[in-house]
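Reader: I should like to go through this model with you, beginning with its cysteines. Please give the reasoning behind each reply.

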Amino acid sequence: MRCFRSLVPLALALLCVAALPAQTVETVPASADASSARVAGPQPGELAPDFTVTGPDGREVKLSDFRGKVVMLDIWATWCGPCVAAMPHNSELAAKHAGDGLVVLAVCASDTRENYDGWLKRNAAKYRFLTAHDRAGRDWKSSVFNTTWGVTGFPTIFVIGRDGRLVGTATGGGTGENPGVTRLLARAGLPVSTAHLPPEDAATPKSVPAMLKTAAAPATPTMRFANMAAGETVPDFETLDTSGRAVKLSDFRGKTVFISFWTGGRNPPADVAQLHAAYAEQGLAVWAINTATERADFEGWAKEHAAALGHAVSWDPAGKAVMEAISHMIFGAGMYPAYCVVGPDGKLVGGIIGMGPRVSSLLREIVGRAGVKLTAADREAVEQILTAIRTQPAAAAPARMGGLLPAAGGSVPAAAIGGMQPAKPVATPAPRPATLAPGAIAPDFTMHTVADREVKLSDFKGKVVILDFWATWCGPCIASFPHTQEIAAKYKDQGVVVLASGTSDTIAAFKKWIPANLAKYPDMVWAFDPHERGSATFDERASSKLYAVTGIPTQFVIGRDGKVGAVIVGNGGKDDARTEAALAALGVNVDAAIVAKGREQLAAAEARERARAEEAKIPRPPFHEDFGKLKAGEIAPEVELLGLDGAGVKFASIASGRVKVIGVWSGGHGPGDGYLAQWRTWSAKYPGVAFVGVGGFAALEEVQAWKTARGADFPFALYADPTGRPPRPAKEMDEMTDEEKAAFRDASRAHYDNIFTVKLGGIMAPVPTTLVFDATGKLVGWSAGFGDQYSEVLGNLFLRAGVNLAESDRPARVWTPEETKPKPPEPRGEALKIGAAAPDFTTQTLDGRDVKLSDYRGKVVILDFWATWCGPCMAAMPHTQQVAAQYKDQGVVVLGSCTSDTRAKFEEWVRRNQETYPDIVWSHDPAERGADRASNKLYGVRGIPTQFIIDREGKVVDIVIGYQKGEVILDASLAKAGVKVAPEVLAQAAKQLKARGN
């Protein structure tokens, strides 16, 4: 069995109003639920429409209550980062000009009363302005600020004169002064100076995409931290340490302080401890601030870990209120991990947001720029990254990331998308190279051990090397290791080395798994590729770049001359002799019987590969119409996603009224550079189409962090699957009790039943998956993966969605609806129930003899439906053989009926394995994959392995579906047919059935 993972990057565009020196003003869409029809709203000089909202005490507040005063009406929401960041300055204005007749009225709109009340509880004492709540709540479509005032983005500020007429409107929030608001207040007659502001340019557009900036790349991207530039004085702020005492930035005055903002009940990123260990003696203060986390979670983490860290740790008292966090309110950074360095004078040295090797090197660059003398290794890492930055084309420089969380909805206006251009021309993705074949010279590469020692393939020159590519998340890889260890131990005296080369995984995962399992596999050399999953250099990993591996586990058996002797894809466990046959071909002394068996298996694998290649020659549509239960032409069901601010967003409201391309991928990893490049190219050509990313199988924080790290590569809307990261067992499955296994299975089932694609169409789609919906919200079609056919996929689906394609983008073949029409569902027989008479049917044995179920009347029959391609069937075979051997003296017969499979594969498999399973009667259903096969038509089987226990009179007394290692459920079921089974086996089976939930 192969185990596949698609690893891919993703990001989201942030819009910013043209920057002015005092403040970078930013806006977010008013609501994901906003109507696409825009209302103009009041114009300057017109009477401002009256409205009624609810104040903090529950009493009505009307705009007309303030006639005779200047009103600064601020429309905001608790989920709006720029809104919250602007509040300190708004409070200053309210206090400073209260005597001049200014009223600042901040109305929380497109938000729940509960959110508003929570914000009041945390902040009412801090601010000197009046707040209220829009009675429409989250129902933005009916809000007066949508239907009458024409608000399309938050925050929007209206200044109303003493006569009740509108002076003007300003947009944008953020820290510091908003020049637009300052000018409006002056026009309203308040004593406000505008002399310090630059001339107002009426021709300048109010809002432009950040991606349009093409200034030359700076000497380093760390010269600012989110909205604050290097050299600016950082305002003081206060946190709480593990004992509840206040820790302020001013406590570090006179020292260079490295600050890390991290989130969740986990340790700060590894760079924090590394920098503390390396540079504490030089006076560098390291301060890790836990943010966007509940106090209880921080205290639980601190109790377990803080004492061992050595550097300062504290908690941001804003708790889960991300928009009120210190990192956001002071700097404008709302993604984590985020880092900055403040000098002894209290001024910002620099900062950066994200993770990965690039970020680690740039952190050291900032520290070095602060006057800390770097180690030789850190100097080298810094020089390498600076060289890469200096030599990159100016147009490819990433746009500055403000780090502010987008609003609920987070979509990018069509006009903005229309102005975007890719940083550089994007070529059509090249076809994926074929996996390195036998006879080729094995390329050298460098791996790392858990002790950070380098290991190269060339270190084993003169040896026979089994290069085994694997990952901690790959179940078949882990299952193959016991057999691979046996091979390593058996042939090491003949100069055979197994190099278990970890790939497509994180370094942290390898450093956790390898030490925990090393003792079980002492004769294997363990290492991992430093180009880890999620890093900027991921595509440089040896398995992909040098060996073109498409699935793991894959073993390359390499001779003493450095040439590849064989490629072994997948692993069949202890009965898989292919690797040993390959060793024999390279001069290793291997038992002749094993060699013969392995050669047969190699030949069969080659035959299967040839058959697959022939099958691949038959043209097939590169896309599908129906997405599981969601049929082409149907509106998607009500499904909710999360904006990156954590607010719920209805899927139907995203890019409503536009053709939309939905990309679903692993949220912490993204969809791959080629995929992103394709999206950037086509989005520039087709501005009317909305491209939207959905990050799944990851926590919201992981999606946020990836967006921060790769935002410039993905200027599109991004959402997270609310189900988050899948459950993970606290320990190895074989160490869990039956109750723990049952609990874990229940948790996993509950999780996967609620993921985005399952709710959308009832299927757990592979990643990445692309879905296209037309402008009415109806599904057009979908495709999984990415490759040289991706342009064909988009071209066909765009045409079906009514997009007018450029001639250069028209697909080479336009598939007709008739050609892509889904096949009608296979007619299924009714599922046979316990107590029914087992229907008779005829199959053929290996030698072509007919065998009927009725041939065994008077026996207890275990009718086992299986197939050669079915991994769980293979896993169950050893136990089924054990049962057949143990109970045959009581008249028990196992009839292994191969179903949904070809005769050729049946014959090849049985010839290789019948000696291993001598007590099973093997037969093949001649209907193969047809609807008339017995398993489908007569027994209504929905999945295999399924075993029917049939008593001596031909009645079904029990049905066993599936198998898990150690189960004796099949044994116990025989008792229902009168077979004597040990009481302890019956008791054990009862516990296992309970663990299954039966």
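Reader: How many disulfides does the count come to?

Author: The model is a predicted one. A disulfide is counted here where two cysteine sulfur atoms lie within 2.5 Å. Cys870 and Cys873 form such a bond, with their sulfur atoms 2.3 Å apart. The count by this rule is one disulfide.

Reader: What is the handedness of the disulfide of Cys870 and Cys873?

Author: Both partners are buried, Cys870 at 3% relative accessibility and Cys873 at 2%. The torsion about their S-S bond is about 85°, and the disulfide is therefore right-handed.

Reader: Why is the sulfur of Cys108 without a bond to the closest cysteine sulfur, and in which residue does that sulfur lie?

Author: Cys108 is itself buried, with a relative accessible area of 0%. A disulfide would require the two sulfur atoms to be within 2.5 Å. The separation is 8.9 Å, which is too far for a bond, and the closest cysteine sulfur belongs to Cys83.

Reader: Which helix gives the most residues to the largest nonpolar core?

Author: That core has 59 residues, and Phe237, Ile259 and Phe798 touch the most other members. The greatest contribution, five residues, comes from residues 790–800, helix α20.

Reader: Which cysteine does Ile259 touch?

Author: Leaving aside residues up to four places away in sequence, the contacts of Ile259 include Phe237, Trp287 and Tyr339. Cys340 is buried, with a relative accessible area of 1%. The cysteine among the contacts of Ile259 is Cys340.

Reader: Is strand β26 largely enclosed or open, and which residues are buried on the side opposite Thr554, Phe556 and Ile558?

Author: Five of the five residues of β26 (residues 554–558) are buried, so the strand is largely enclosed by the rest of the structure. In a regular strand the side chains alternate between the two faces of the sheet. Both faces of β26 are covered, with Thr554, Phe556 and Ile558 buried on one side and, on the other, Gln555 and Val557.

Reader: Which residue of β27 stands opposite Ile558?

Author: β26 pairs with strand β23 (residues 464–470) in the antiparallel sense over five bridges, and there Val465 stands opposite Ile558. β26 also pairs with β27 (residues 564–569), again antiparallel over five bridges. In β27, the residue opposite Ile558 is Val564.

Reader: Which residue just after helix α14 takes a positive phi?

Author: Six of the eight residues of α14 (residues 578–585) are buried, so the helix is largely enclosed by the rest of the structure. The buried residues include Arg578 and Glu580. Just after α14, a positive phi of about 100° is taken by Gly587.

Methods
Residues numbered from 1 in each chain as written. Predicted model: local features only at pLDDT ≥ 70, side-chain atom pairs only at ≥ 80, totals over all residues. Heavy atoms only, no water. Buried < 20%, exposed > 50% of the residue type's maximum accessible area, 1.4 Å probe, protein only. Helix = DSSP H or I, 4+ residues; strand = E, 2+ residues; numbered from the N terminus. Core = buried A, V, L, I, M, F, W, Y, C linked by side-chain atoms within 4.5 Å. Contact = heavy atoms within 4.5 Å. Pairing = 2+ DSSP bridges.
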